[in-house]
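This report describes the surroundings of a bound ligand and the pockets of the protein that holds it. The sequence and the structure are shown first.

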Amino acid sequence: MKRKKIIAGNWKMYKTAQEAETTIAEIANGINYNQQNDVWTATPFIYLQNLISRFGNTTIKFGAQNCYTKDEGAFTGEVSAKMLQSIHCSFVILGHSERRQYFFETDIIIHEKILAALNHNLLPVYCCGETLAQRNTKKHFEIVEQQIKEALYNLNADQISKIVIAYEPVWAIGTGVNATSEQAQEMHAYIRSLLQTQFGDAIADAIRILYGGSVKPNNATALFSQPDIDGGLIGGASLIAKDFLSIIESASE
Ligand code: PGA
């Protein structure tokens, strides 16, 4: 099956409001509008409403990097999926390894966040991936299987069809050491086989699985040409319009 690729930027906690506007304007002006892939950016929460109102009519879709499990309540400092929906956000990254590491998110919590996002029509981008120690001890398949199982297996057919998965080996994030296209393809094919067993061929075939971890203009083509890699979740390189545009082009090759 031919799946439409997604090139998603994860800005993390970078850029001022002015820098955010400038970068999005550069991306919007630089995109080749004949290219057929989905272009998404996850900026910090506080810029989303402004960026969506200014650039929501371009091909770029805007999303958040996290949301809370509940719709509203006395949860100081949190932002809900309901709130994100009310400003016309399109998607939300959930379970990023930095959220797991620094904010102690577990797959149980992430599963609740996925349900909250789906309830408010946000497409969840569910991140999974092993640490270096886990890969070195050959536990990477087991770890990723566990993550996929706990966060996704009890979704119904309609819910799982709306999920985008991002395989992000922790050792590749922000390190400049990307997984080779063979390593990434091997894990993507494994994830798809898990989905096949749990949800059937048609659903597994349609789910988009992105690779993330040091994707750069010089390695994007090799990664995106793999049969089970349906685009990328891009951190550092998505902050620089020229690099992000070049990665978007790579996905069209
Ligand atoms: P990176 O980050 O591209 O800077 O490695 C990827 C991510 O954290 O999603």
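In this predicted model, the ligand takes up the space of the second largest pocket. That pocket has a volume of about 210 Å³. Its lining consists of 20 residues, and those nearest its centre are Lys12, Ile173, Gly174, Gly235 and Gly236. By class, the lining of the second largest pocket comprises eight nonpolar, eight polar and four charged residues.

**Ligand environment**

There are 13 residues around the ligand, among which Lys12, His96, Glu168, Gly174 and Ser214 come nearest. This shell is made up of seven polar, four nonpolar and two charged residues.

Which atoms of asparagine 10, glutamate 168 and glycine 235 lie opposite oxygen atoms of the ligand? The table lists the three contacts with their distances.

| Residue | Protein atom | Ligand atom | Distance |
|---|---|---|---|
| Asparagine 10 | polar side-chain atom | oxygen | 3.5 Å |
| Glutamate 168 | polar side-chain atom | oxygen | 2.7 Å |
| Glycine 235 | polar backbone atom | oxygen | 2.9 Å |

Asparagine 10 and glutamate 168 thus each present a side-chain atom, whereas glycine 235 contributes a backbone atom. Taken on its own, the ligand has 290 Å² of accessible area, and the protein covers 97% of that area.

**The largest pocket**

The largest pocket has a volume of about 410 Å³. Its lining is formed by 14 residues, with Lys12, Met13, Gln65, Arg99 and Phe103 nearest the centre. Which helix gives the most to the lining of this pocket? Helix α4, spanning residues 97-102, does so with three residues. Six nonpolar, five polar and three charged residues make up the lining of the largest pocket.

**Lys12 in both pockets**

Lys12 is listed among the residues nearest the centre of the largest pocket and also among those nearest the centre of the second largest pocket. Lys12 is, in addition, one of the residues that come nearest to the ligand.

Key
Residues are numbered from 1 along each chain as its sequence is written. This is a predicted model: local features need pLDDT of at least 70, side-chain atom pairs count only at pLDDT 80 or more; totals for chains, interfaces and linings use all residues. Side-chain values use heavy atoms; hydrogens and water are left out. A residue is near a molecule or strand if one of its heavy atoms lies within 4 Å of it. A polar contact is a pair of N or O atoms within 3.5 Å; within protein, one must be able to donate a hydrogen and the other to accept it, and residues adjacent in sequence count only if both atoms are side-chain atoms. Accessible areas come from the Shrake-Rupley method with a 1.4 Å probe; for residues, only the protein chains shown count as cover. On a 1 Å grid over the protein atoms alone, a cavity is a set of points where a 1.4 Å probe fits but cannot get out, and a pocket is an open set with protein on both sides within 12 Å along at least five of seven lines; lining residues have an atom within 4 Å of a point. A molecule sits in a cavity or pocket if more than half of its atoms lie within 2 Å of its grid points. Ala, Val, Leu, Ile, Met, Phe, Trp, Tyr, Cys and Pro count as nonpolar, Asp, Glu, Lys and Arg as charged, and the others, Gly among them, as polar. Grid points are joined across faces, edges and corners, and a volume is the space filled by probe spheres set on the points. Helices (H or I, at least four residues) and strands (E, at least two) are DSSP runs, numbered from the N terminus.
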